Amino acid sequence: MSINTPQNNDIRVLVVDDEVAIRELFQHAIRKFFRSGGPHFLAVSTGQEALDALRLGFEKSEPYTVAFVDLVLGAPPEGLSLITEMHHLDPFLQFAVISGHLDTSFVQAISEELPADKYMLISKPFQTRDI
């Protein structure tokens with residue numbers, strides 16, 4: 001039996017975080033994990049840039065595979081509204097939701113918006129191995 005797995009260059013990673021250090025940490029972790037020939041990687045600092053990147057990916061028939069999204073970006077769209085809008089643009093996109101403020105009300109809200117197999121939660125602070 002053979003298992004179809006995407007090649008590294010078929011994986012497209014989008015990171016949405018307003019902190020430069022976090023974006024750089026993700027880039028370092030992903031490069032380290034894949035070592036060579038890693039996936040396409042794009043890091044943006046705003047929700048609007050994330051939405052634009054998703055749209056452009058679709059226009060080019062190169063959708064993103066996974067998005068690491070910080071909940072607090074400092075400007076709208078952010079938080080659950082951004083994740084919901086991204087999910088509507090691409091229902092196949094997988095999410096890793098990042099926040100230092102994951103409380104039960106947010107966990108309940110996201111579970112009502114997204115299927116359980118579409119997201120995971122990462123609490124700040126985190127380490128490279130958590131990615």
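**Exercise 1. In this predicted model, find out which side chain meets Lys-124 in a salt bridge, and where the two residues sit.**

*Solution.* Start with the contact itself: the side chain of Lys-124 meets that of Asp-17, with N and O 3.4 Å apart. To count as a salt bridge, the nitrogen has to be within 4 Å of the carboxyl oxygen, so 3.4 Å passes.

Next, place the two ends. Lys-124 is in the segment after S5, while Asp-17 belongs to the loop between S1 and H1. That puts the partners 107 residues apart, so you're looking at a link between distant parts of the chain.

Now check whether Asp-17 is buried or exposed. Its relative accessible area is 0%, so Asp-17 is buried.

Finally, look around the pair. Lys-124 and Asp-17 belong to a network of salt bridges that also takes in Glu-19 and Asp-70.

**Exercise 2. The whole structure has six salt bridges. Work out what the one between Glu-62 and Arg-12 ties together, then do the same for Glu-85 and Arg-55.**

*Solution.* Take Glu-62 and Arg-12 to begin with. Their side chains meet at 3.8 Å, N to O. Glu-62 lies in the loop between helix H2 (47-59) and S3, and Arg-12 lies in strand S1 (residues 12-16), so this salt bridge ties together parts that are 50 residues apart in sequence.

How covered is each end? Arg-12 has 11% relative accessibility and counts as buried. Glu-62, at 36%, counts as partly exposed.

Move on to Glu-85 and Arg-55. Here the closest N and O atoms are 3.7 Å apart. Glu-85 lies in helix H3 and Arg-55 in helix H2, so the pair ties together parts 30 residues apart in sequence. Both ends are partly exposed: Glu-85 at 32% relative accessibility, and Arg-55 with a relative accessible area of 34%.

A general point to take along: side chains of opposite charge can pair when their charged atoms come close.

**Exercise 3. Trace the chain from S3 to S5 and say how the strands pair and which way the crossovers turn.**

*Solution.* Begin at S3. It runs parallel to S4, and five bridges join the two. For a spot to look at, find Ala-67, which stands opposite Phe-95 in S4.

What joins these strands into a unit? With helix H3 (residues 79-89), S3 and S4 make a right-handed β-α-β unit.

Carry on to S5 (residues 119-123). S4 and S5 also pair in the parallel sense, over five bridges. Ala-96 has its bridge partner in S5, namely Met-120. Between S4 and S5 the chain passes through helix H4 (residues 104-113), and this β-α-β crossover is right-handed too.

Last step: ask how many residues of S4 are buried. The strand covers residues 94-99, and five of its six residues are buried, so S4 is mostly covered by the under 20% cut-off.

**Exercise 4. Describe the largest pocket: its space, its lining and the element that gives the largest share.**

*Solution.* The space comes to about 320 Å³. Around it are 14 lining residues, and those nearest the centre are Ala-29, Ile-30, Phe-33, Phe-34 and Ile-131.

Then sort the lining by element. Helix H1 (20-34) and strand S3 (66-70) are the elements that give two or more residues. H1 gives the largest share, with five.

Now sort by residue kind. The lining has ten nonpolar residues, two polar and two charged.

**Exercise 5. Look at the backbone of Ser-61 and of the Pro-76 to Pro-77 peptide bond, and say what stands out in each.**

*Solution.* You need one rule of thumb before you look: most residues other than glycine have a negative phi, and most peptide bonds are trans.

Go to Ser-61 in the loop between H2 and S3. Its phi is near 55°, a positive value in a residue other than glycine. With a relative accessible area of 62%, Ser-61 is exposed.

Then find Pro-77, in the loop between S3 and H3. The peptide bond leading to it from Pro-76 is cis, with omega near -5°.

Note on methods
Residues are numbered from 1 along each chain as its sequence is written. This is a predicted model: local features need pLDDT of at least 70, side-chain atom pairs count only at pLDDT 80 or more; totals for chains, interfaces and linings use all residues. Side-chain values use heavy atoms; hydrogens and water are left out. On a 1 Å grid over the protein atoms alone, a cavity is a set of points where a 1.4 Å probe fits but cannot get out, and a pocket is an open set with protein on both sides within 12 Å along at least five of seven lines; lining residues have an atom within 4 Å of a point. Grid points are joined across faces, edges and corners, and a volume is the space filled by probe spheres set on the points. Helices (H or I, at least four residues) and strands (E, at least two) are DSSP runs, numbered from the N terminus. Ala, Val, Leu, Ile, Met, Phe, Trp, Tyr, Cys and Pro count as nonpolar, Asp, Glu, Lys and Arg as charged, and the others, Gly among them, as polar. Buried means under 20% relative accessible area, exposed over 50%, partly exposed in between (1.4 Å probe, protein chains only). Two strands pair if DSSP finds at least two bridges between them. A crossover is right-handed if, with the strands pointing away from the viewer, the path from the first strand over the helix to the second runs clockwise.
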